[in-house]
Amino acid sequence: MKTLQTTFFLFVFVPLVNSAPPIQQDPLQFYEYDTDVTMGSLMQQDYEMQSKDIRKDGTNVSLDTSLRLQGDESERNVPPTKDTNLPTCLLCVCLSGSVYCEEIDIEAVPPLPKETAYLYARFNKIKRIAVSDFADITTLRRIDFSGNRIEEIEDGAFSKLLLLEELSLAENRLLKLPVLPPKLTTFNANQNRIKSRGIKANAFKKLTNLAYLYLGHNALESVPLNLPESLRILHLQYNNITTITDDTFCKSNNTRYIRTHMDEIRMEGNPILLAKHVNAFSCLRTLPVGTYY
């Protein structure tokens with residue numbers, strides 16, 4: 001009996017199943033995304049963008065990577081510069097207490113964020129530095145005005161910069177030196193038009209931290225007086241120096257005196273025969289570079 005039921009079931013239902021139409025399924029659709037916008041290409045584009053010079057309003061601002069991109073970990077943790085809405089920060093680059101305004105043809109010192117510590121304004125058209133330029137910026141530690149057209153610096157322009165350690169006024173048109181801030185370690189006034197009367201007798205006397213003094217390629221007739229004991233490097237090459245006294249570097253009343261920190265004095269290119277002034281160098285560990293015969 002069971003065999004008959006099974007045979008009947010197969011006879012009736014199997015043909016029905018075989019004749020049933022297949023279930024219609026929508027074919028799977030695979031969307032091919034734009035292969036140009038991949039993670040690898042995005043990273044490459046980002047790298048290329050970072051490799052280019054920073055541009056502001058179409059102006060190419062070249063950064064000195066050795067100064068700005070190789071800082072230690074402490075520099076990386078410095079908070080971003082405030083007041084970035086200043087017009088200066090639209091034209092220049094304001095970054096972690098530093099302002100870079102190089103080769104953009106500015107004719108005056110721009111307004112600076114109050115926490116500025118480093119100002120680089122090289123190769124512009126600045127002609128004058130006023131007291132008001134730094135009246136509220138007491139945090140400055142380094143200023144570089146190399147390659148401008150500076151002819152005048154108002155008295156007291158740097159008087160409030162008590163933290164300033166490095167100042168460069170090289171390649172300008174100065175006839176005299178301003179009063180310098182007391183904590184300077186480096187001062188560069190190479191390639192100006194400075195004569196001896198443009199340097200006060202005590203201009204460097206109180207600069208007890210000054211180690212590097214560059215006054216080459218000017219119009220000095222004599223070596224500046226009262227050079228501080230801290231001085232290590234002195235460049236006076238290619239001036240118009242014609243005389244040196246026994247007290248210029250040494251102390252004529254103290255034969256035991258030795259200027260222990262002085263490592264280098266350059267005086268080549270001056271109309272003076274150094275061999276005629278041997279006593280002027282008796283306190284030095286090395287003789288100045290210049291003409292001896």
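Cys 94 counts as buried, with a relative accessibility of 16%, because buried means under 20% relative accessible area. This residue is also half of a disulfide, since Cys 89 and Cys 94 are joined through sulfur atoms 2.0 Å apart. Keep in mind as you look around that the model is predicted. A search of the whole structure turns up 3 disulfides, and there is also an open sheet of 9 strands to explore.

**The disulfide of Cys 89 and Cys 94**

- A disulfide is a covalent bond between the sulfur atoms of two cysteines.
- Cys 89, the partner of Cys 94, is buried too, with a relative accessible area of 7%.
- The torsion about the S-S bond of Cys 89 and Cys 94 is about -90 degrees, so this disulfide is left-handed.

**The disulfide of Cys 92 and Cys 101**

- Another disulfide connects Cys 92 with Cys 101, and the distance from S to S is 2.0 Å.
- Here the torsion about the S-S bond of Cys 92 and Cys 101 is about 110 degrees, so the link is right-handed.
- Cys 92 has 1% relative accessibility and counts as buried, and Cys 101, at 0%, counts as buried as well.

**The disulfide of Cys 250 and Cys 283**

- The sulfur atoms of Cys 250 and Cys 283 lie 2.0 Å apart and form a disulfide.
- This pair links distant parts of the chain: Cys 250 sits in the loop between strand E12 (233-235) and E13, while Cys 283 belongs to the segment after E13, and the two are 33 residues apart.
- The link of Cys 250 and Cys 283 is left-handed, with -85 degrees about the S-S bond.
- Cys 250 is buried at a relative accessible area of 7%, and Cys 283 is buried at 1%.

**How the cysteines pair up**

- If you count the bonded cysteines along the chain, the disulfides follow the pattern 1-3, 2-4, 5-6.

**The sheet**

- Strands of a sheet pair through backbone hydrogen bonds, either parallel or antiparallel.
- The open sheet here has 9 strands with mixed pairing, and you can trace them in the order E3-E4-E5-E7-E9-E10-E11-E12-E13.
- At the edges are strand E3 (93-95) and strand E13 (264-266), each of which pairs on one side only.
- Neighbouring strands of this sheet are turned by 5 degrees against each other on average, with direction ignored.
- For a concrete example, look at strand E4 (residues 98-100) and strand E5 (residues 118-120), which pair in the parallel sense over 3 bridges.
- Tyr 100 has Tyr 120 in E5 as its bridge partner.

**Asn 270 and its contacts**

- Asn 270 is found in the segment after E13.
- With 9% relative accessibility, Asn 270 counts as buried.
- Its side chain reaches the backbone nitrogen of Ile 241 at 3.0 Å.
- Leaving out residues up to four places away in sequence, Asn 270 touches Leu 236, Gln 237, Tyr 238, Asn 239, Asn 240 and Ile 241.
- Ile 241 therefore appears twice for Asn 270: as a residue that it touches, where contact means heavy atoms within 4.5 Å, and through its backbone nitrogen, which the side chain of Asn 270 reaches.

How values were computed: Residues are numbered from 1 along each chain as its sequence is written. This is a predicted model: local features need pLDDT of at least 70, side-chain atom pairs count only at pLDDT 80 or more; totals for chains, interfaces and linings use all residues. Side-chain values use heavy atoms; hydrogens and water are left out. Two strands pair if DSSP finds at least two bridges between them. Helices (H or I, at least four residues) and strands (E, at least two) are DSSP runs, numbered from the N terminus. Axes are lines fitted to C-alpha atoms, for helices over the stretch in contact, and angles run from 0 to 180 degrees between N-to-C directions. A disulfide is a pair of cysteine sulfur atoms within 2.5 Å. Buried means under 20% relative accessible area, exposed over 50%, partly exposed in between (1.4 Å probe, protein chains only). A polar contact is a pair of N or O atoms within 3.5 Å; within protein, one must be able to donate a hydrogen and the other to accept it, and residues adjacent in sequence count only if both atoms are side-chain atoms.
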